[in-house]
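I opened the notebook to look at how the chains meet and at how some of the helices run. My entries follow in the order in which I looked things up.

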Amino acid sequence: MGKSNTAAPAKRAGGKPVSKRICVYWQLYLMLLIPVVLTIVYKYIPMYGIQIAFRDFKSTRGILGSEWVGLKWFQRFFSSPNCFRMIKNTVLLSFFSLLWSFPIPIILALMINQLRFNKFKRTVQTVLYAPHFISIMVVCGMLRVFLSPSGGLINLIAGTSIDFLSEASAFRTIYIASGIWQDAGWGIIVYMATLANIDASHYEAAKIDGASMFQRIRYIDLPELVPQIVLMLIMSAGNLMNVGFEKVFLLQTDLNKATSDVIAVYVYQQGIEHAKYSYSTAVGLFNTIVNVILLIVVNKITSKISEDVSFV
Amino acid sequence: MKRKQSGQLHGLSDRSSDIILVALCLFIMLLVAYPLYYVLIASVSNPYDVYAGKTFLLPSGFTLDGYKAVFADKSIITGYLNSIKYTVIGTVFSVVMVYLTAYPLSIKDLPGRKFLSIFFIITMYFGGGLMPTYLVVRQTGLIDSMWALFLPGGVAVGNMIIVRNFFEHSIPKEMIEAAEIDGASKWTTFIKIVVPLSRSIMAVMVVFSMVAYWNDWFTALIYLPGQEHAPLPLVLRNILIKSSASASQASTISGGYAELNKLTEMIKFSSIIVAAAPMLVIYPFVQKYFEKGFMAGAVKG
C-alpha cells in the first residue's frame, strides 16, 4: 500500500523524515496487511460493484461487460405496484420503532441508577440484559408460539383466539413491542456507563439542599446524559431505513403484508431468491441513499442543538 | 464505578419514592423474565395442559418428550456442532483481526494513520449492499465454505475503535518505550507487552463476537445453502417459523391436524430453550466484561 504515507503528520517522532519512519514501522504495516486486504476485497470492491444497479448484469459477462441501462431498474421499482407501500412501511416501521424504543432505555437507566442496594441493582441489570443474548430467530419463534391463535399465551390470557400474525394492523405493535422486550435492557448499558462517572459529591450536595429523587434525576443525571443521548439519536437516525430485516423477514405472512412489506425484505427476495441482481442492487442503493441523506440531515440538526458533541 | 451509598440524609418522601422505584423495577423484571420462564415450563409440560392454559405459573404433567424429540433430530445435532464450530473459529478470527488493526492505528506517529483510520471507518457507514457483496463472495469461491461467515465481515470497526482507545489510554507508553530501547521490535512489544496488558478488553471482544456468531443465521442463509452447513438458528427456522404457517392453516381444517399441531408446538418450546440456553447461562458470568467495554466507549461527559 504505497498510498498510506500521504497524510502523515511530520511533526512528531523526533523530526525523522517520513521515509525513515516507515522503515521503523514496517512491522505495523505488515500487521495491517490482512485487515486492509479483506476490507478492500469485501467492502470496497462491492462498493465499486454498485454500478450493476445501472447495468443489466449477467453473470457470464461480468460487471464491466454487462450493458449500461441507465435508470431502468429505478424506473421499474418506482412504477412497481407496491413501491409506495414498501417505502411507506419502511419509514413508518422505523419511525415508530425509534419513537417508542429510543426513550425507554434512558428512563430505565435513570431509574436503575437511583437504586440504592448494589445487589438488587445488579440483579435488575442482569435480568434486563437476558433477551439481548437470544437469537432473533428464537425470539421470532417465541413470538409465533405466543401469538398462535390456538393455545398461544396472549390468546390464553385475553381469552380470545386471534391470529395476530395474520392481522396487518397488529404487525407494527408486535415488531416494536418485541424489539423493546429484546433490546431496551441492553440499551441501558451505554447510559449506565455515563451515569457511573458522575461524581457522588453532586448527590450529597443535592440531598443537603433537600432535592427529591426526581429533582436529582432532572438536574444532575439528565444533563450528564445529553451528549450520549444526542450521539445515540444520530446513530439511530442513520439507521432509520435499515429496519430490522431479520425480524420482518421471519414474521412476514401473506396476510400481514399490507404493513410488513418493507424494502429490505424485497431486496433480499429479488436478489437472492429470484437472482435479479441488478434490480435488487438498484432498490438497495435507493434505500442506502435515503439513509445517508437522513444521517446528514439529523447530524446537522443535532450538532446545532448540542455544539460539543462531535460525530465520528 | 462503586459510588458511596448514602442513606443518612434522606427524608420520608425519599423513602416512599424508593419503595415505588423498587416496585417498578420488580414489575419490569417480571415483564422481561416471564416470557422466558413460560417457555421453560411449557417445554416440560403436557402439551394439552399448555394448550388449555394450565401452565401459567408451574409445569403441569411433567414430561421431557419435547427434548427427546429435539435431540432425536440429527439436523439439530449437526446444527449445534456447526454453531459451536463457527462461534469458536469466528471469535478467534474476529478478535485477531480487531487486534491487528487496532494496535497500529493506536500508534500516534504511524505515517498514514489518519488515512488508514478513515479507510476503515467509512465501511461502518457505507457499503456495497447485499447483492454486490454476494457477487464478490461468490467470485472468491466462498459459497458453502465456512469462511463466508468470517471473511466478508472483515474488521469489526466499532470493536476496533474500542480496542484502539484502550491501547491509547490504558497501556503505559513508558513500558513500550523501555522495551524498544532494549532492542525489542514493534512486533515483540505487541506480543509481549500489549497483548498481556489488554486481557480485560480482549475479554470484552471475545464476549461480543461470541454472542454475534452464536446468534447469526442470516449470513449462513445467504452464503451456505447446503443443509449440512446450517448453524443451529437456521435449522430451527424449519421448526419455529416454517411449520407455524402451515400449522395455523391446518388447525382450521380438521381435528387430526390440530393434535399434530400441539406436538409440534411442544417441540417448539423445547427447541427455543435448547437454542437460547448456552448464551443465557454464560452471560451473567461475563456481564462485568461487556459493561467494561461500554465504559471504554462511553462519551466522557
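At which residue does H10(A) bend, and by about how many degrees? Before answering I note that this is a predicted model. I found the bend at Asp183(A), where H10(A) turns by about 45°. I then looked up the span of this helix, which covers residues 168–195 of chain A, and noted that its 28 residues reach 40 Å from the first C-alpha to the last, close to the 40 Å expected at 1.5 Å a residue.

Next I turned to the interface, where I found 91 residues of chain A in contact with 93 residues of chain B. On the side of chain A that touches chain B, the largest share comes from helix H2 (residues 26–49) of chain A, with 15 residues. Sorting that side of chain A by class, I recorded 57 nonpolar, 24 polar and ten charged residues.

I then followed H2(A) to helix H6 (residues 130–139) of chain B, and noted that their axes come within 8 Å and cross at roughly 120°. An angle over 115 but not over 145 degrees counts as oblique, and H2(A) and H6(B) are therefore oblique to each other. I entered the crossing of these two helices as right-handed.

For the contact itself, I listed Val41(A), Tyr42(A), Ile45(A), Pro46(A) and Gly49(A) from H2(A), and Pro132(B), Thr133(B), Leu135(B) and Val136(B) from H6(B). Classed in the same manner, the contact of H2(A) with H6(B) has seven nonpolar and two polar residues, and no charged ones.

How values were computed
Residues numbered from 1 in each chain as written. Chains lettered and ligands numbered in written order. Predicted model: local features only at pLDDT ≥ 70, side-chain atom pairs only at ≥ 80, totals over all residues. Contact = placed C-beta atoms within 7 Å. Helix = DSSP H or I, 4+ residues; strand = E, 2+ residues; numbered from the N terminus. Nonpolar A, V, L, I, M, F, W, Y, C, P; charged D, E, K, R; others polar. Expected span 1.5 Å × (residues − 1). Bend = angle between axes of the 7 residues up to and from the residue. Axes fitted to C-alpha atoms, helices over the stretch in contact; angles between N-to-C directions. Parallel < 35°, antiparallel > 145°, perpendicular 65-115°, else oblique. Left-handed = near helix turned anticlockwise from the far one by under 90°.
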